[in-house]
Amino acid sequence: MACAVLTAVAAGSQAQQQQRIAEFLHSDSHTNNWAVLVCTSRFWFNYRHIANTMSMYRTVKRMGIPDSHIILMLADDVACNPRNCYPGTVYDHPQKTTDLYGDNVEVDYRGYEVTVENFIRLLTGRVEAHTPRNKRLLSDDKSNIFIYMTGHGGEDFLKFQDSEEINSYDIADAMQQMWEKKRYREILFMIDTCQANTMFSKFYAPNVLSIGSSRKGENSYSHYHDRDIGASVIDRFTYYNLEFFESVDLSSKHTMADLISTYNTTLIGSHPGVRTDLFARKLEETYLTDFFGAVQRVELTNEPFPIGRKRASA
Ligand SMILES: *[C@@H]1O[C@H](CO)[C@@H](O)[C@H](O)[C@H]1NC(C)=O
């Protein structure tokens, strides 16, 4: 059965595929948003990568995505690192106005759980039967997913914890599997690492918008250095994205085009890349809240629902 479906899809013309995508996108079928935030760096001196990720985490939560729909992967826990002279905290600015760690953070994959295998399994849904809910991406074909990655990388690869690496083909194939398994409606892929734009150069699955911090051959640069912490506390590309996100709330009509128009290569120090050929909508019509906001849409059903039944008094 599955085989027959796949063959049929492969045999369908390009035009049919386009038609399917158009119908799919215009059927008002978007009901939930998910975020997968991945810091692949280990060790204290990579503090900024953890802070990048925690800042994104704070932002997507502020904009309304609940913890149940955020998968946070942190390869190193700097908040509880013995070298942290501000124990239990993560800051992305030397002024230390906002503790990103706070008292309400849910790390879903931590330490040595942050592996290439676990990341691919998470995306494609190929997790072990006993995997708890918080370690699963329970998205469907009505979900928009924001995937953010940061760490050390190079041309077509991103290191995981200095011990292994994921390459651009791995992620491209994982996304195609996600599409075939109806695990997303649209994906916004954002990556801050050296030569970041090479990481989405191999993507081929539909409805994916990709943004990276730097071109092939270019580094990604850190921003503030904190003397007390003894490390840089954020990367430039992430910093300037966050600066824009801070001006956005749930009611805002800011679009992806607005965000991208703020990128200033002088400030960022590298050339951010945007890949739109796989994405079916215009960036001017794609609101930031399409990915970051809380989506609450009612789905109608013909199933009878029992009302008037006594609620358990728990
Ligand atoms: C980019 O930033 C630099 C430094 O602040 C500034 O001089 C320049 O005008 C900015 N460019 C644009 C296009 O805004």
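This dialogue covers two helix pairs, a cavity and a pocket in a predicted model.

Colleague: What should I know about the model before reading it?

Modeller: It is predicted: local features need pLDDT of at least 70, side-chain atom pairs count only at pLDDT 80 or more, and totals for chains, interfaces and linings use all residues. Residues are numbered from 1 along each chain as its sequence is written, and side-chain values use heavy atoms, with hydrogens and water left out.

Colleague: At what angle do the axes of H4 and H5 cross?

Modeller: Axes are lines fitted to C-alpha atoms, for helices over the stretch in contact, with angles from 0 to 180 degrees between N-to-C directions. Helices are DSSP runs (H or I, at least four residues), numbered from the N terminus. Here the axes of H4 (residues 116-124) and H5 (residues 168-180) cross at roughly 25 degrees and come within 8 Å. H4 and H5 are therefore roughly parallel to each other (angles under 35 degrees).

Colleague: Which residues of H4 and H5 make the contact?

Modeller: Contact means heavy atoms within 4.5 Å. H4 supplies Ile 120, Leu 123 and Thr 124, while H5 supplies Asp 170, Ala 174, Gln 177 and Met 178. By class, that is four nonpolar, two polar and one charged. Ala, Val, Leu, Ile, Met, Phe, Trp, Tyr, Cys and Pro count as nonpolar, Asp, Glu, Lys and Arg as charged, and the others, Gly among them, as polar.

Colleague: Is the crossing of H4 and H5 left-handed or right-handed?

Modeller: Right-handed. The near helix is turned clockwise from the far one by less than a right angle; anticlockwise would be left-handed. The crossing of H3 and H6 is left-handed.

Colleague: How do the axes of H3 and H6 cross?

Modeller: At roughly 15 degrees, coming within 11 Å. That makes H3 roughly parallel to H6. The contact uses Asn 52, Ser 55, Met 56, Thr 59 and Arg 62 of H3, plus Thr 238, Asn 241, Leu 242 and Phe 245 of H6.

Colleague: How is empty space found, and what lines the largest cavity?

Modeller: Rolling a probe the size of a water molecule over the atoms shows where empty space is left. On a 1 Å grid over the protein atoms alone, a cavity is a set of points where a 1.4 Å probe fits but cannot get out; a pocket is an open set with protein on both sides within 12 Å along at least five of seven lines; lining residues have an atom within 4 Å of a point. The largest cavity is lined by Thr 40, Ser 41, Arg 42, His 152, Lys 159, Phe 160, Gln 161 and Asp 162.

Colleague: Which elements give two or more residues to the lining of the second largest pocket?

Modeller: Helix H3 (47-62) and helix H6 (236-245).

Methods
Angles under 35 degrees count as roughly parallel, over 145 as roughly antiparallel, 65 to 115 as roughly perpendicular and the rest as oblique.
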